[in-house]
Amino acid sequence: MPDTSLPPRTPTEIIKENSRLLRGTLAEGLRDVSTGAIVEDDTQLSKFHGIYLQDDRDQRPERRRKRMEKAYGFMVRMRIPGGRLTSAQWLALDRIADDFGNGTLRLTTRQAMQFHGIIKTNLRRSIRLVNEAILDTLAACGDVNRNVMSSANPAFSRAHAEAYDLALRVSSHLSPRTRAYHDVWLGDKKVHDGEGVATIDEDEPIYGRTYLPRKFKTVIAVPPVNDVDVFAHDLGFTAIVRKGAVVGYNVSVGGGMGMTHGEPDTYPRLADVIGFCTAEQVVDVAEKVVTIQRDWGDRSDRKHARLKYTIDRRGLDVFKKELEARLGYALGRARSFRFERTGDRPGWTRGEDGAWHYVLYVENGRIKNTPDWPAKRGLAEIARVHEGRFVITPNQNLVIGEVSEERKPEIDALLNRFGLSNDFSGLRLNAMACVALPTCGQALAEAERLLPDVVRSLEETVERAGLRDDDIVIRMTGCPNGCARPYLAEIGIVGKAAETYAVLLGGSFDGRRLNRLYRDSVAAHEIAPLVAPLIEAYARDRENGERFGDFVVRAGIVPLPTGAATEFHAPP
Ligand code: SRM
Ligand code: SF4
């Protein structure tokens, strides 16, 4: 039953409702060449198609001065469940980035890939080419279930392969059913009558005509590696593995990172584990969680509409009861599991399947060609000979997966030829930054373009302190939305204003504890000097095997984070 106690709906709800299942006037807008933009209502709808209107913010001042329209371009995000691509798909995306984008491929923190800077007149062509590569962008963004993540390499073990299959099934089951995507981008026959009503054979059985109140994210984790950061998402399934076989999945709900500075009723929140289900029940559980959020989520305030707020408003017990009522059966008792880490382990690993998998560190997920690091060219060369898969990791890195013993020397030679090495400090290998400027319209400060400098400065300390090979998780975002999951990092750096950041410390290395605010307002150039003495103290005083995040808590540098969301706002 819809929650009638809630106040009036947001304008976005009305746009969705009137959109004829996500069509709006997108098709007409694409034909209008008098502007590089699309109309405001359509910008809300295009997100469901994986497409964001952006502009190059670096160019704003000059274009304003010249009274020119903003330098509009579109970000296009592929939906790639489990992050898995064939070599042919890699090459197709590589070409689209060159022909229509800004010449870079951007691996995301959710195992997807983005193009930036596609101008309106190239948009439809680009989407068609994506489609020809047997990929799509539908539901990569918008108020629906987004790209489903699964622990990075499907071939490392049988459990990974199962998790990947499940990710595909959940993704497919929760995909929107509208034909709008085909109508607008692929030019299929019209399936609506033009009067604002979709034809009767078209329906959204799970979502309904207004879809979800807000984005929804599902992940599948395979312990002992919590690479997907399972507690950061609306819905998580953690594989329970016994004697090498998956016996089922713990279910967790209500995670989320986003918050707004100065608004204490918005907060990052860790998901709660509410029970256990079998592999056969996973899709059903996912569907029912989604439908509760569809019916109970707050449609009056988008800042308060995620599942985490629904759960806090209604209560976890009430939520679980409702879930079990909709399922028609009770969840089992949650089983024990252990995570050891969040990030990726760069380099070669041999999987249970006997094949080799190379995890390549990609700085902030940006694949481009620079004189030092011609990765885009190198990976295209590898794709030309690679017979296995590429797997985008949840940490913006790339697995060159399923390499046979015979082909390994050839891949190695190409990695060497293009200088694609992983010879970096543990700090760098565990660093992640969101896109931020110049494309992200929400960015308050730099992230992708700044974090490498901060890491470089800290690396001097790390080297001096003898910690070069120690993993320390550092993440930066250009605003508090949390796209690089900074609230789970041992060192989190969150943009507040131009060149100004909040610094948070004390997240756990296994992704089970939020960090705490250490300093509220730090100038960009002061971040490294602020953190360096803490790293020195860690090198000097840590206990055997102690992680940086645990050390700063034990040493009283930040109070023990309880995981309570509002802790973020507490003074240090
Ligand atoms: Fe994100 C919005 C980029 C993962 C929380 N995110 C955006 C937008 C689309 C900006 C906008 O709304 O105009 C960014 C586009 C920037 C650009 O120029 O490309 C953007 N988010 C990203 C990516 C590309 C960051 C990256 O560097 O990899 C990630 C793409 C993921 C994907 O492939 O689907 C990305 N975003 C995340 C994550 C991490 C995750 O899901 O694991 C989060 C935190 C988890 C969560 O959802 O709570 C995240 N993004 C947000 C939010 C805050 C949502 C909230 O509940 O408050 C926004 C803003 C919004 O939705 O209004 C946002
Ligand atoms: Fe943009 Fe903020 Fe997300 Fe960074 S965290 S990509 S600045 S929305």
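This is a short dialogue about pockets, cavities and ligand surroundings in a predicted model.

Biologist: Let's start with open spaces. How much space lies in the second largest pocket?

Modeller: A pocket is an open set of points. Here, the second largest pocket holds about 730 Å³ of space. It is lined by 33 residues, and those closest to its centre are Glu363, Arg366, Lys368, Thr370 and Glu448. Elements that give two or more residues to this lining are the strands β1 (51–55), β2 (72–77) and β5 (113–118), together with the helix α15 (451–464).

Biologist: Which classes of residue make up that lining?

Modeller: Sorted by class, the lining of the second largest pocket has 12 polar, 11 charged and 10 nonpolar residues.

Biologist: And how many cavities are there of 30 Å³ or more?

Modeller: In a cavity, a probe fits but cannot get out. This structure holds three cavities of 30 Å³ or more, and the largest has about 80 Å³ of space. Among the residues that line the largest cavity are Thr342, Asp344, Asn395, Met432 and Arg475. By class, its lining has five polar, four nonpolar and two charged residues.

Biologist: Now the ligands. Which residue is the protein donor of the iron atom of ligand 1?

Modeller: Cys483 is the only one, with its SG atom at 2.3 Å from the iron. You can find Cys483 in the loop between β17 (474–477) and β18 (491–497).

Biologist: What residues lie around ligand 2?

Modeller: Cys483 appears again, and the others include Cys434, Cys440, Gln442, Cys479 and Asn481. The shell around ligand 2 has seven nonpolar and five polar residues, but no charged ones.

Conventions
Residues are numbered from 1 along each chain as its sequence is written. Chains are lettered from A and ligands numbered from 1 in the order in which they are written. This is a predicted model: local features need pLDDT of at least 70, side-chain atom pairs count only at pLDDT 80 or more; totals for chains, interfaces and linings use all residues. Side-chain values use heavy atoms; hydrogens and water are left out. On a 1 Å grid over the protein atoms alone, a cavity is a set of points where a 1.4 Å probe fits but cannot get out, and a pocket is an open set with protein on both sides within 12 Å along at least five of seven lines; lining residues have an atom within 4 Å of a point. Grid points are joined across faces, edges and corners, and a volume is the space filled by probe spheres set on the points. Helices (H or I, at least four residues) and strands (E, at least two) are DSSP runs, numbered from the N terminus. Ala, Val, Leu, Ile, Met, Phe, Trp, Tyr, Cys and Pro count as nonpolar, Asp, Glu, Lys and Arg as charged, and the others, Gly among them, as polar. A residue is near a molecule or strand if one of its heavy atoms lies within 4 Å of it. Donors are N, O and S atoms within 2.8 Å of the metal (3.2 Å for Na, K and Ca); water is not among the atoms, so sites may look incomplete.
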